[in-house]
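I opened my notebook to look up two things here: the pockets and one sheet. My notes follow in the order in which I looked.

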Amino acid sequence: MPTLEIRDLHVSVETKEGAKPILRGVDLTINSGETHAIMGPNGSGKSTLASALAGHPKYTVTSGTVTLDGEDLLAMTVDERARAGLFLAMQYPVEVPGVSVANFLRTAKTAIDGEAPALRTWGKEVKGAMENLRIDSTFAERSVNEGFSGGEKKRHEILQMELFKPHFAILDETDSGLDVDALRVVSEGVNRAKSNTDVGVLLITHYTRILRYIKPDFVHVFVDGKIAEEGGPELAEQLEENGYDKYVGTGATMA
Amino acid sequence: MAITTDHSRAVADGAHSHGVVPAGSRAERKTSFDLADIPVPTGREEEWRFSPVARLQPLFGEEHGAGGVLTTVVEAPEAKVEIVGKDDPRLGTTGKPGDRTAVTAWNAAAEATVVTLPAEAVATDVTSVRVEGATKDLTAQHLLVHAEHHAEGVVVIDHRGDATLNQTVEIVVDEGAHLTVVSVQDWADGAVHASSHRARIGRDAKLKHVVVTFGGDVVRLTPDATFTGEGGEVEMVGLYFADADQHQEHRLFVDHAVPRCKSRVTYKGALQGAGAHVVWVGDVLIQAEAEGTDTYELNRNLVLTDGARADSVPNLEIETGEIEGAGHASATGRFDDEQLFYLMARGIPEVDARRLVVRGFFAELIDEIGVPSVEERLLASIEAELEKSMSAITGVAE
């Protein structure tokens, strides 16, 4: 059973004033099929964890290990991590002018699978997945993320999660900026991917509302660069009532 | 009152700055057929300040030969091709030379190749003018493309091989005619090419002017467009890709001298390698009588590696307030690492991700050309250019 294992992870970000430590010893194990919610106040390092796992060049791992199925994830380039089965649904998806969604999806699918998808089935699969996420078919010919609304960008991220079939998906504040309808559509997409592929999910969020649609098996409270408390879904309910106040000292604040 | 903006030295990732005072109005620039009126430049002049004048020096002299290039015209069935003497009255009607290489080219050429699309003829095929470098001997060449009233057609001027060429291309678009002129600079590495394109656009006429520059040591093209009748329209599209030590310069001038004409300028370039230098200068003059003018110009540069330099200077002079619209945009950006990260995070290797981004950068412009044979060739040339930088990247990575 594939496992994503994070051990004592320390990560710094490059700033003008030099390296600034963000993650201070993260330990987390995710097995396939499991959904882990990471919740925490702004500035606690949740998104840094997501970006560092995907290999964003802005972040430097100063110590610790991450293995995917026993393989050293940190030794891999960004594209190798994706091909090894890691997917990051980004908080701020990037515009790529002049590259159509259809071309992008086919290119990425080909890279991840190591071979081009079968023409006959691929077109149908993309069309079906787009319909499920209520993405208009004209999006296939539009440039990647260019001129997309916030909700359209997030649906496009989940479209990729469904089509690329990763072993592990990190959803970095996929719920932020979504209205209730869009939140439901996006959550349905994640749940479809979970039931179709047994993907392990790391759901990073500031709010509890997405957890009404995507049920977590485990909830981790992230404060000041590490996990401060862990529990089951009931922990999310406590956070819903009490907020992050009991965890927040001088180092982090609620937005 | 004249409103003037200058955008000197657009820098990477920065928006261009307004407020630098340019060196005089474009309307006051000296133009003449007479060599004595336009002296050899020092490199400090406004129109030469970005140019490698030392590499262009031979073209400033009065003596030019004529045998350095072989010119082959394959014309559409409807088109007419002639070789005429320089005394032919159809020559020199598109305006006077505006800089030293333009005036030496005008004076040095003894004859001209004239391509005519006769009145009301609609060309059923592209007319191709192939200019092939035969020797490095300094050569002057004069071409005239003339679309008579209500004619329609496409003329592609295709430069290849190695040459030292000083060229005049006159373009006359008579009343109601629709003409597309494409100039492809696909030279070998050592070629030096200066070319003054001077276009005259008549009443209700439309010119699409396309420039594609890939090769050469120095290429300096100065397309001028002047409206002579109301309702005229010009669309100027340019695409260039400079490698290490190449200098590619495109200086445009659109002269709105009559009312209710429209101009659109879109130039995009990529550059890579130490010493690669691209220059784009877009001068637009809206004269006092040119009410109802509609103009927009845009230049974008994509810097792929360190050590390459792009200068981008849009310059708009407006002498009347009664216009439809006037605007410009200029931006020079480095390759966007966030785009690269996004694509690579989807499993796409760096080499392929870069290729996607660069192709995407040019894609919209390529679609605008509207001549399939040129579009295909262009895509192939972009691929070839990318191969060079990609092998450099994979070399570093491995």
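Before starting I wrote down what a helix label stands for: helices are DSSP runs of H or I with at least four residues, and they are numbered from the N terminus. I also noted that this is a predicted model.

Entry 1, the largest pocket. I looked up its volume first and found about 570 Å³ of space. The lining has 24 residues, and I listed those closest to the centre: Leu302(B), Arg334(B), Asp336(B), Gln339(B) and Phe361(B).

Next I asked which element gives the largest share of this lining. In the largest pocket that is α4(B), with five residues. I then listed the elements that supply at least two residues each to the lining of the largest pocket. From chain B these are β17 (294-303), β19 (325-334), α3 (337-344) and α4 (350-369). Chain A takes part through β7 (96-100).

I checked the domains of chain B as well. Domain 1 (3-334) and domain 2 (336-398) each give at least three residues to the lining of the largest pocket. Sorted by character, the lining of the largest pocket has eight nonpolar, seven polar and nine charged residues.

Entry 2, the second largest pocket. I noted about 420 Å³ of space for the second largest pocket. Of its 21 lining residues, I found Ser47(A), Ser51(A), Tyr59(A), Gln91(A) and Asp172(A) to be the closest to the centre.

Which helix gives the most to this second lining? I found that α1(A) does, with four residues. Both α1 (46-54) of chain A and α3 of chain B supply at least two residues to the lining of the second largest pocket. I sorted the lining of the second largest pocket too, and it divides into seven nonpolar, nine polar and five charged residues.

Entry 3, a sheet in chain A. I followed the strand order and wrote down β2-β1-β4-β5 for an open sheet of four strands with antiparallel pairing. Why is one side of β2 and of β5 left without a neighbour in the sheet? In chain A, β2 (18-31) and β5 (71-72) stand at the edges and each has a single partner strand, so one side of each has no neighbour there.

I then took up one pair of strands. Strand β1 (residues 3-15) of chain A runs antiparallel to β2(A), and 11 bridges join them. Across from Glu14(A) I found Ala19(A), which lies in β2(A).

Last, I returned to α1(A), which packs on this sheet and touches β1, β2 and β4 (59-68) of chain A. The direction of α1(A) makes about 105° with that of β1(A).

Terms used: Residues numbered from 1 in each chain as written. Chains lettered and ligands numbered in written order. Predicted model: local features only at pLDDT ≥ 70, side-chain atom pairs only at ≥ 80, totals over all residues. Heavy atoms only, no water. 1 Å grid on protein atoms, 1.4 Å probe; cavity = no way out; pocket = protein on both sides within 12 Å on 5 of 7 lines; lining within 4 Å. Points joined across faces, edges and corners; volume = space filled by probe spheres on them. Nonpolar A, V, L, I, M, F, W, Y, C, P; charged D, E, K, R; others polar. Domains from an automatic or database assignment. Pairing = 2+ DSSP bridges. Contact = heavy atoms within 4.5 Å. Axes fitted to C-alpha atoms, helices over the stretch in contact; angles between N-to-C directions.
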